[in-house]
Each structure stands twice: as C-alpha cells, then as structure tokens.
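Please open the model in your viewer and keep the sequence panel beside it. This tour suggests what to select at each stop and then describes what is there.

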Amino acid sequence: MTKKNIDDKTRPRFTRPLLQWYRSAGRDLPWRLTCDPYAIWVSEIMLQQTQVATVLPYYHRFLKIFPTIQALALSDLERVLKLWQGLGYYARARHLHKAAGEVLVRFSGKVPSTYQELNALPGIGRSTAGAILTIAHKKRYPILDGNVRRVLCRFFGITKDPREKWVKDWLWHTSETLLPHRDAATYLQAIMDFGATVCTPKQPSCTPCPVARSCEAFKKDLQHILPVKTPRKKVPHFDYFAAVIKCDDTVLIQRRPLKGLLAGLWEFPGERVETALSSVAASCEQFLRRQIDTDVPNPRHYMTIRHAFTHFKMTLHVFSFHLKKPVSVKPPLKWVSKTSLSGYAFSSAHQKIISGLPQGEEQSILF
C-alpha cells in the first residue's frame, strides 16, 4: 500500500454527501441539544467503547445528579461509581471525577478551551479533546475514534493495519483534512453517526450509503474485511472464588484497591484460585481464615458465574457461609446491612451474586 493523497476533489466526494445525509438521517441525541462543554464532555466519555442505546439512561441520570462540574468534583467517588454501575470501564468514571476536581481548582470550574489544557486532564485523549473543542467551543479539531477510523479505512481502501504508526498518522492527517472550515461540529457528529448506523463494523449498509460510489472498499468488495484487524491473542482464563459471609442481618464485603482492575468497587471477599479446581473450597476456607481470623467450615457452593473482561475470562465460584457470632474486621473489609447493599457499587459479576442471577434459582442468596 502506498500513501494516498487527499486532493481537492476528495472533500466534495466525501464531506459534502456526508453532511447532506446527516441533515436528514442524523440521530436526535440529548448531547446535541446543548452547547455546555461539561455535558458534551460527559457524553464523550460515556460513549467510549459503549453504544448510544446503553449510554442514554446513564447520561440522563448522571447529569441529573451532577448537573455541574462543581457538583461532580465535590461528590464522593463512591457515589460516582455507584451511578456508573453497569456501564463498565470504570476507569472512565474515576478519571472523570478526578478531572472535574482539577477543573474546579485550576480553571474555576470552567472546561478549558485550549487543546493543551484539555488534553492534559485525566481520561481525555486526543479524540475526546478534539470532540469537546469542536462541538462545544466551535473550534476545528479532528477526531479518530473507532467509527471514524473504520469509515476512513473503508472509503480510502486502507489495507494495512490502522494501528501501525505511519497509517495512524495518515488517518489523523486525513481526518483533519476532511474537516470543513465552516461548521466542523456538524461534520464530526455526521461522521460519528454514519459509522454507528451505516458503515457499521459488521454488515455495513452499502446500498443507502451516501458515499458508496466513491468508496474504495465498496468498489473492490472489501467492506467486510476492512479495516484490517490485528490477530487476536488467545484470551487467558482464570478461576476465582467469592465468599458470601453472613452474620445476623449483615454481610461482609470488601473494597478493591483504588488502582488496577475494577478499582474502588466493592465485592464479596475472594481471590484468584492458584491451585487445582478440586481444592477451590479449601482455598476459600484458608483465605477467610487469614482475612477474618476465624474458621468458616462446610462452605456451601451456591453458584458459578462466568464473566469476560477485556483481557481475560473468569469463572467465579461462589460459596456461602453463616457465622453465629460477629467478628471484627479492618478495611478494606466491612460489615454492612442487607438493606444498605444497594448503596454500594459492585462489579457486574458480583451484582449477579446479589441478585442470584443468572440461574434465577433464588431472588437473593444473602438472607
């Protein structure tokens, strides 16, 4: 593949038809009804690796609880994570909360309007900064999210891995070149909508596509294999156990470290199984003896949960124990009442423990 040049004819063949399509087919989304940089920032963070249909209810709830940067910055992280529960990729919530604090202190609660200042905030990369500056501040900055990358690779017939540095640099340059000098914000919304609804990852709708006649992938019947995907590495699998420990009307939970996987979320005590699966129950007993300094014999295996993370798959073996007498614990462990569990942010796998899903054998295994 040789580097493809963008000439004066490209914009009329791509940008103009895309804008015309958007005027009649663009989606009516709440963050497009505001010029508030904060609301647009929240939407951009939530939309990272997450579909619009999933984001919508979270977006409305989030802005209702945190209508301003000040409200978000002054809130406890626990409350932010609870509101984010189920949306996944929790680092986004932690970074958003931390960035709001920086904006409150350094910029008096106003979202920065320069690329350097905005891009330096936690959780904001080049694409997110470009979207906020272009849409909210009416400036002219390119983006290169997954939708835009896919559209450009297909339209220009890019048959090399878009993650290669020179290809990535070319895509950034092309994304900027295609930006119109007037109303760049509308163009960004158009290309993101186009990638999400027409030039989709699987089964793109090429028949009604407004730029199909000029699309290299369509001409060569490559739209189903572009962009080129990096061969996937084998996803490892690990076994974990979790212990639901009850005493009277309380249950023991623990908070995960504030760094790393699922940082700051709550869960039932447990860890990764390092021994043969036949000794999972014994490993669980030994772990709890170390954690709470008491014997918890005869664990009852309640359920098995299978869950996939980005980089590995997990089988979670869940055991239930009942203590006749309470024992003292130290952070990150904590005894909480059953009625207060809903106030804590749990990961998706541990939410299934609480509700008794997915088997549906009981509505709750706790009490």
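The stops below, in a model that is predicted, go from a group of paired strands to a pocket.

Begin by selecting residues 237–247, which make up strand β1, together with residues 250–255, which make up strand β2; the two strands pair in the antiparallel sense over two bridges. If you click on lysine 246 and look across to β2, you will find its bridge partner, valine 251. Now turn to the link in this hairpin, where two residues lie between β1 and β2, and pick out aspartate 248 in the turn, which has a positive phi of about 55°.

Keep β2 selected and add residues 333–337, which form strand β7, since the next pairing is here: β2 and β7 run antiparallel and are joined by five bridges. Valine 251 appears again at this stop, with valine 336 as its bridge partner in β7. Next add residues 266–267, strand β3, which pairs with β2 in the antiparallel sense over two bridges, and note that glutamine 254 has glutamate 267 as its bridge partner in β3.

For the last stop, select Gly88, Tyr89, Tyr90, Leu261 and Thr310, which, of the 23 residues lining the second largest pocket, lie nearest its centre. The elements that give two or more residues to this lining are α6 (91–106), β5 (300–308) and α14 (348–355), and α6 gives the most, with four residues. The volume of this second largest pocket is about 570 Å³, and if you colour its lining by residue type, you will see eleven nonpolar, ten polar and two charged residues.

Definitions and conventions: Residues are numbered from 1 along each chain as its sequence is written. This is a predicted model: local features need pLDDT of at least 70, side-chain atom pairs count only at pLDDT 80 or more; totals for chains, interfaces and linings use all residues. Side-chain values use heavy atoms; hydrogens and water are left out. Two strands pair if DSSP finds at least two bridges between them. On a 1 Å grid over the protein atoms alone, a cavity is a set of points where a 1.4 Å probe fits but cannot get out, and a pocket is an open set with protein on both sides within 12 Å along at least five of seven lines; lining residues have an atom within 4 Å of a point. Grid points are joined across faces, edges and corners, and a volume is the space filled by probe spheres set on the points. Ala, Val, Leu, Ile, Met, Phe, Trp, Tyr, Cys and Pro count as nonpolar, Asp, Glu, Lys and Arg as charged, and the others, Gly among them, as polar.
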